[in-house]
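Me: Please take a close look at a single helix here. Describe its form and its surroundings, then place it among the domains.

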Amino acid sequence: MLELADVLAARDRVAETSRHTPLDYSHTFSAMTGADVHLKLETFQRTGAFKIRGATNRIATLPESDREAGVVTASAGNHAQGVALAASRMGVSAKVVMPENAPISKVKATRSYGAEVVLAGADYDEAAEHAHELEREEGRYYLHAFDDEMVMAGQGTIGLEILEDLPGVETVVVPIGGGGLISGIATALKGKNPDIRVVGVQAEGASSVAESLRKGERVVRDSVDTIADGIATRTVGEKTFEIIKQRVDEVVTVGDDEIAVALTTLLERGKTLVEGAGAVPLAALLFEKFDFDEDETIVPALCGGNIDMNMLTTVIVRGLVETGRYLRLRTVLHDRPGALESLVGILSDNSANIYAIQHDRTSRDVAMNDAEVELDLETRGHAHVEQVVTALEDHGYEVDVLV
Ligand SMILES: Cc1ncc(COP(=O)(O)O)c(C=O)c1O
């Protein structure tokens with residue numbers, strides 16, 4: 001099984017290609033939670049995520065014959081870019097198989113880091129099948145995204161950095177997809193100090209580890225559904241599951257709405273952009289998914305910042321809705337001149353700013369002489385939402401809150 005010595009040995013290798021990322025005390029999140037919160041900003045890693053650490057350690061420890069043959073992997077996300085850059089920095093050829101519908105931005109980024117991108121298959125599973133064919137046909141080494149001890153050891157160097165920068169750390173909170181990241185970090189931390197608590201976090205729609213721990217055996221989900229695409233994994237690895245059972249203290253889950261709130265709060269208050277998987281540990285802390293003491297020193301590991309811009313727009317709106325900063329509602333007006341003006345007047349009297357308005361006299365959902373109005377409003381929190389809705393209702397409008 002993976003041991004502290006493996007992570008320590010990975011340290012120098014990883015330093016060849018990767019950054020020691022910052023650990024920042026967060027006044028905002030400390031004040032919000034009562035804990036002593038320090039953010040591990042792995043979002044500032046090369047390629048925008050931690051994957052380059054594991055890929056570097058794996059490639060550096062391959063026999064010369066494998067390095068000459070090159071590596072192959074399948075990924076539509078951060079692993080693709082990590083492998084691409086690690087391999088090119090070490091002068092090793094890399095082929096990355098991505099599903100045919102992979103976002104063009106990710107394909108371009110992976111190519112720009114020096115890998116040959118092969119587009120094959122309708123989804124990740126089919127891309128992985130094709131990558132295994134290349135492994136057989138071309139004798140390339142298949143570089144697994146998580147269930148490989150040298151990969152885990154590389155990711156574990158994050159744990160060493162946290163300890164070096166904050167020796168008094170009490171709890172580290174880590175996202176889990178296939179489990180390679182947390183296996184490495186937990187091995188490093190527990191090996192150095194068994195009293196440090198390691199909390200794993202999954203998305204509710206991809207909670208294979210939480211389910212596997214409850215059942216006592218690895219569970220493979222039929223499907224996954226979460227905005228945190230970096231951890232949308234159907235199952236945990238065989239090796240990583242054994243390590244998690246022994247070295248991770250607890251595993252909790254967070255919902256997509258909670259992830260959206262954490263992501264937008266971090267962006268607004270911390271001026272830091274993370275992807276869904278990157279926001280998951282902070283969501284677990286903000287929504288108190290695990291117990292902690294006042295002033296406990298806690299490090300949420302924010303491990304990736306590669307978010308699609310369309311997804312970011314969706315997540316921001318979801319985050320604003322959850323915090324009462326965005327309100328979409330529908331109501332019905334009598335279709336006569338001035339009716340819309342009266343409605344807008346009430347919104348103005350209650351300081352609700354209009355983002356968008358749709359006025360439909362032809363809607364089949366309303367009577368012939370009525371019009372349906374849908375409004376997107378900027379609001380200032382849950383109490384303000386309540387105030388606006390009540391004001392409209394007091395003036396006789398029937399209000400449907402849509403989001
Ligand atoms: C940003 C981010 N965080 C966390 C993880 C989880 O890592 P693991 O699959 O090793 O559990 C991933 C995996 O791709 C990721 O991209």
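Reply: A residue counts as buried if 20 or more other C-beta atoms, placed from the backbone, lie within 10 Å of its own (exposed: 12 or fewer; partly exposed: in between). By that test, 14 of the 17 residues of α8 are buried, so this helix is largely enclosed by the rest of the structure. The model is predicted: local features need pLDDT of at least 70, side-chain atom pairs pLDDT 80 or more, while totals for chains, interfaces and linings use all residues. Numbering runs from 1 along each chain as its sequence is written.

Helices are DSSP runs (H or I, at least four residues), numbered from the N terminus. α8 spans 25 Å from first C-alpha to last. That is close to the expected 24 Å, which is 1.5 Å times one less than its number of residues. Yet α8 is kinked by about 25 degrees, centred on glutamine 155; the bend is the angle between axes fitted to the seven residues ending there and the seven starting there.

Now the domains, whose bounds come from an automatic or database assignment. Domain 1 covers 4–50 + 149–319, domain 2 covers 57–142 and domain 3 covers 324–401. Sixteen residues of domain 1 are in contact with 13 of domain 2; contact means C-beta atoms, placed from the backbone, within 7 Å. On the domain 1 side, α1 (4–15) and α8 (149–165) each give two or more residues. α8 gives the largest share, four residues.

Notes. Two residues are in contact if their C-beta atoms, placed from the backbone, lie within 7 Å.
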